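I opened the notebook today to look up one pocket, one residue and the aromatic rings, and I keep the entries short.

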Amino acid sequence: MHPHARQPRPPRETSRTEPPRFTVGRDCHGWWVVDDSLGRVGGIFASEDAAMHYALEESNRDRNAVRCQRRGKPVEFRLVPAP
């Protein structure tokens, strides 16, 4: 194999019983928000595309770790203070 050839990524191990870590939706002001259930990362974004891109990158492109909130139910951005 060529030393610079792309190696296939190993399959991601995901648990179907584990809830999604990231929620993407709008807050009460209309901004797009990514909320992390662990409270470690997240943010406020100008577009849905930017919010989804961020959430997917933070989850190592694991689509099972990202969910979209239903319309009419706001998502609030929060961070948990570091100990």
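Entry 1, the pocket lining. I sorted the lining of the second largest pocket by class in this predicted model, and I noted four nonpolar, three polar and six charged residues. I put the volume of this second largest pocket down as about 200 Å³. The lining has 13 residues, and I wrote down Gly25, Arg26, Trp32, Gln69 and Arg71 as those that lie nearest the centre of the pocket. I then asked which element gives the largest share of the lining. For the second largest pocket that share is three residues, and they come from strand β1, which covers residues 22-26.

Entry 2, a residue of that strand. I next looked up Thr23, which has its place in strand β1. Is Thr23 buried or exposed? Its relative accessibility is 10%, and because buried means under 20%, I entered Thr23 as buried. I found that the side chain of Thr23 makes a polar contact with the side chain of Arg67, at 3.4 Å. Leaving aside residues up to four places away in sequence, I listed Val33, Val34, Asp35, Arg67, Gln69 and Val75 as the residues that Thr23 touches.

Entry 3, the aromatic rings. How many aromatic pairs does the count come to? I arrived at one aromatic pair. Phe45 and Tyr54 form this pair, which I recorded as tilted, with 5.2 Å centre to centre and 45° between the planes. I also checked Phe45 for burial, and since its relative accessibility is 16%, against a limit of under 20%, I entered Phe45 as buried.

Technical notes:
Residues are numbered from 1 along each chain as its sequence is written. This is a predicted model: local features need pLDDT of at least 70, side-chain atom pairs count only at pLDDT 80 or more; totals for chains, interfaces and linings use all residues. Side-chain values use heavy atoms; hydrogens and water are left out. On a 1 Å grid over the protein atoms alone, a cavity is a set of points where a 1.4 Å probe fits but cannot get out, and a pocket is an open set with protein on both sides within 12 Å along at least five of seven lines; lining residues have an atom within 4 Å of a point. Grid points are joined across faces, edges and corners, and a volume is the space filled by probe spheres set on the points. Helices (H or I, at least four residues) and strands (E, at least two) are DSSP runs, numbered from the N terminus. Ala, Val, Leu, Ile, Met, Phe, Trp, Tyr, Cys and Pro count as nonpolar, Asp, Glu, Lys and Arg as charged, and the others, Gly among them, as polar. Buried means under 20% relative accessible area, exposed over 50%, partly exposed in between (1.4 Å probe, protein chains only). A polar contact is a pair of N or O atoms within 3.5 Å; within protein, one must be able to donate a hydrogen and the other to accept it, and residues adjacent in sequence count only if both atoms are side-chain atoms. Contact means heavy atoms within 4.5 Å. Rings of Phe, Tyr and Trp (its six-membered ring) pair if their centres lie within 6.5 Å; planes under 30 degrees apart count as stacked, over 60 as edge-to-face and the rest as tilted.
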